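Reader: I should like to examine how certain descriptive terms are justified for the structure shown here. Please set each value against its definition.

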Amino acid sequence: MQDAGLHIAYQRTSLREIIRDEAAVTDFDLAIVGGGINGAGIARDAAGRGLKVLLVEQNDLASGTSSASTKLIHGGLRYLEHGWFRLVREGLAEREVMLRMAPHLIRPMRFVLPVEPGVRPLWFLRLGLFIYDHLGGRRTLPATRSIGLLGDPLGAPLKGRYRRAFEYSDCATDDARLVVLNALDAAARGAVIRTRTRCLSADRTDLWTLVLEARGRREVASARVLINATGPWIGEFARSVLREPAPEHLRLDKGSHIVVRRLFGHDRGYVFQTQDRRIVFALPFEHDFTLIGTTDSLFAGDPGAVAPSPEEIAYLCAIANDHLRAAVSPADVVWAFAGVRSLYDDGSTKPQDTMRDYVLLVDAQAGKAPLLTVYGGKITTYRRLAEAALDRLAHVLGARPAWTGESRLPGGDFAVDGVARLIAQARESWPFLAETHARRLVEAYGTRISRILGSARKLDDLGPRLGADLTGAEVAYLMDQEWARTADDVLWRRSKLGLRVSTGERERLAKFMADAIGRGA
Ligand SMILES: Cc1cc2nc3c(=O)[nH]c(=O)nc-3n(C[C@H](O)[C@H](O)[C@H](O)COP(=O)(O)OP(=O)(O)OC[C@H]3O[C@@H](n4cnc5c(N)ncnc54)[C@H](O)[C@@H]3O)c2cc1C
């Protein structure tokens with residue numbers, strides 16, 4: 001993997017010692033701390049503009065909030081109620097940009113919004129969806145339609161009280177893979193991507209000098225600009241790394257999800273309105289499962305230790321039971337995860353009312369290198385956030401043209417509606433692939449599938465089977481090309497095969513990877 005350009009100062013502790021002893025500290029234009037969607041998106045955009053970029057992530061890519069979202073690429077229908085039109089318009093428009101950019105990873109989804117007696121009236125939903133259909137320059141996604149639920153298969157999974165619903169369009173993705181694809185493309189364009197590398201300190205003169213720690217070794221790097229893209233860690237980063245007061249207006253907001261075995265047979269998602277006017281999704285997930293979420297509550301504590309509470313799991317089960325005929329209990333939960341948003345606090349009293357737009361604060365003290373801090377944002381709007389960040393820094397980094405709007409992410413260089421064709425082609429080229437296996441690989445890797453399957457003529461040519469349809473060849477690719485280092489990197493962030501492997505298979509995978517690392521992978 002890309003490792004060039006960083007100056008290594010083994011086992012030293014003091015910054016002064018490092019700088020005195022190591023004269024040739026490498027310069028970057030831009031150092032980004034945080035390998036979530038925002039850090040990876042900015043790294044890609046900046047590298048594509050010809051800037052020299054360093055991205056450091058203390059754990060795995062997307063190990064923070066960016067693997068714990070609802071995984072929607074959406075305008076956010078509910079945000080219309082708050083009058084957040086700019087945010088909704090930008091998200092709606094991004095759906096189509098993202099579909100073109102990564103047709104393997106972003107897929108259109110239809111959402112069924114049942115009219116809930118006593119919550120929001122029919123005319124209100126109709127008006128909201130009319131605006132949603134027309135606000136963001138929708139081109140390929142189908143428009144909203146109204147459904148009579150009695151006798152319609154989409155009504156069958158629902159409790160009997162529903163009579164009408166609306167069906168509208170948005171998109172879904174794999175959030176963690178989206179981060180990895182951005183990092184991959186950034187690296188291909190020259191960015192240095194360092195995972196499992198923690199930024200310990202950042203000192204500012206006319207340049208930033210960063211002390212980084214990776215696997216017990218210290219390194220130092222310098223950059224003209226620093227971006228704090230640490231998501232829910234931005235306050236902690238300010239305090240302990242920048243040694244500055246915690247940023248004002250920071251609000252942390254926790255949300256949890258549960259995953260259960262599939263609760264309905266079709267491919268639409270449901271949008272449930274709760275009595276307190278919240279919205280909870282029940283979405284088809286990984287073909288055999290249903291994803292239910294989210295909760296919303298203020299958060300304090302270590303974002304690295306966030307987990308769904310038993311109360312949140314019970315709440316999400318209760319919402320599902322209130323709306324669906326199928327019964328769901330905490331014992332049915334096969335996976336649960338939680339994430340924390342770092343929001344710019346606009347003084348709202350309820351977490352769900354706090355503004356979800358991104359805010360970029362630039363601290364440009366005279367004669368000193370600038371710092372840009374990223375608040376909030378959505379998976380959906382990361383590309384626009386990256387453009388906005390580079391615009392804000394143009395006075396230092398130079399104004400270079402934006403380019404990502406018409407770009408493709410790795411593996412996404414095929415037609416927007418070409419996934420089925422690519423799956424068919426894969427099965428022609430590698431006839432031993434089962435349909436589900438080919439589909440999973442195409443949806444994850446797009447046209448890069450050939451880098452995994454190569455000249456294999458039978459399944460055994462792909463190395464050992466490591467659980468579900470995971471093979472040694474795929475794991476080797478993920479370790480070599482996508483920064484995977486642990487079983488969880490592979491099972492939960494590069495794929496969702498964690499839903500399908502046993503504990504024994506997970507241990508075998510961990511050993512396979514440890515052995516490969518031992519051999520120098
Ligand atoms: C419950 C929930 C549901 C959501 N659903 C959606 C959705 O459906 N659609 C949508 O568009 N958006 C959604 N979002 C919003 C979206 O997930 C977030 O805005 C986005 O993931 C934030 O990304 P980030 O890069 O800012 O932060 P993160 O992904 O948290 O990345 C920050 C990274 O910084 C690293 N880091 C911290 N300190 C250091 C250090 N000192 N050195 C090195 N690295 C460090 C962390 O390890 C972490 O990986 C949701 C958010 C939540 C919480």
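Author: A residue is called buried under 20% relative accessible area, exposed over 50%, and partly exposed in between, with a 1.4 Å probe and protein chains only. By this definition E94 is buried, and R383 is buried too. This is a predicted model, in which local features need pLDDT of at least 70, side-chain atom pairs count only at pLDDT 80 or more, and totals for chains, interfaces and linings use all residues. Residues are numbered from 1 along each chain as its sequence is written, and side-chain values use heavy atoms, with hydrogens and water left out.

Reader: What makes E94 and R383 a salt bridge?

Author: The term requires a side-chain nitrogen of Lys or Arg within 4 Å of a carboxyl oxygen of Asp or Glu. The side chains of E94 and R383 meet at 2.9 Å, N to O, so the definition is satisfied. E94 lies in helix α3 (residues 85-101) and R383 in helix α8 (residues 382-392), so the pair ties together parts that are 289 residues apart in sequence. Helices here are DSSP runs of H or I with at least four residues, numbered from the N terminus. E94 and R383 also belong to a network of salt bridges that includes R86, E90, D357, R384 and E387.

Reader: Why is R44 called buried, and what does its side chain meet in a salt bridge?

Author: R44 has a relative accessible area of 1%, which is under 20%, so the residue is buried. The side chain of R44 meets that of D185 in a salt bridge at 2.6 Å, N to O. The pair links distant parts of the chain, with R44 in helix α2 (residues 37-48) and D185 in helix α5, 141 residues apart. D185, at 8%, is likewise under the 20% limit and therefore buried.

Reader: Why is K458 called partly exposed?

Author: The relative accessibility of K458 is 46%, which falls between 20% and 50%, so the residue counts as partly exposed. K458 forms a salt bridge with D461, the closest N and O atoms being 2.9 Å apart. D461, at 39%, is therefore partly exposed as well.

Reader: How do you know that helix α13 is largely enclosed by the rest of the structure?

Author: In α13 (residues 472-481), 7 of the 10 residues are buried, so the helix is largely enclosed. The buried residues are G472, A473, E474, V475, Y477, L478 and M479. They pack against α5 (175-188), α11 (435-445), α12 (449-453), α14 (487-494) and α15 (503-518), where contact means heavy atoms within 4.5 Å.

Technical notes: Helix = DSSP H or I, 4+ residues; strand = E, 2+ residues; numbered from the N terminus.
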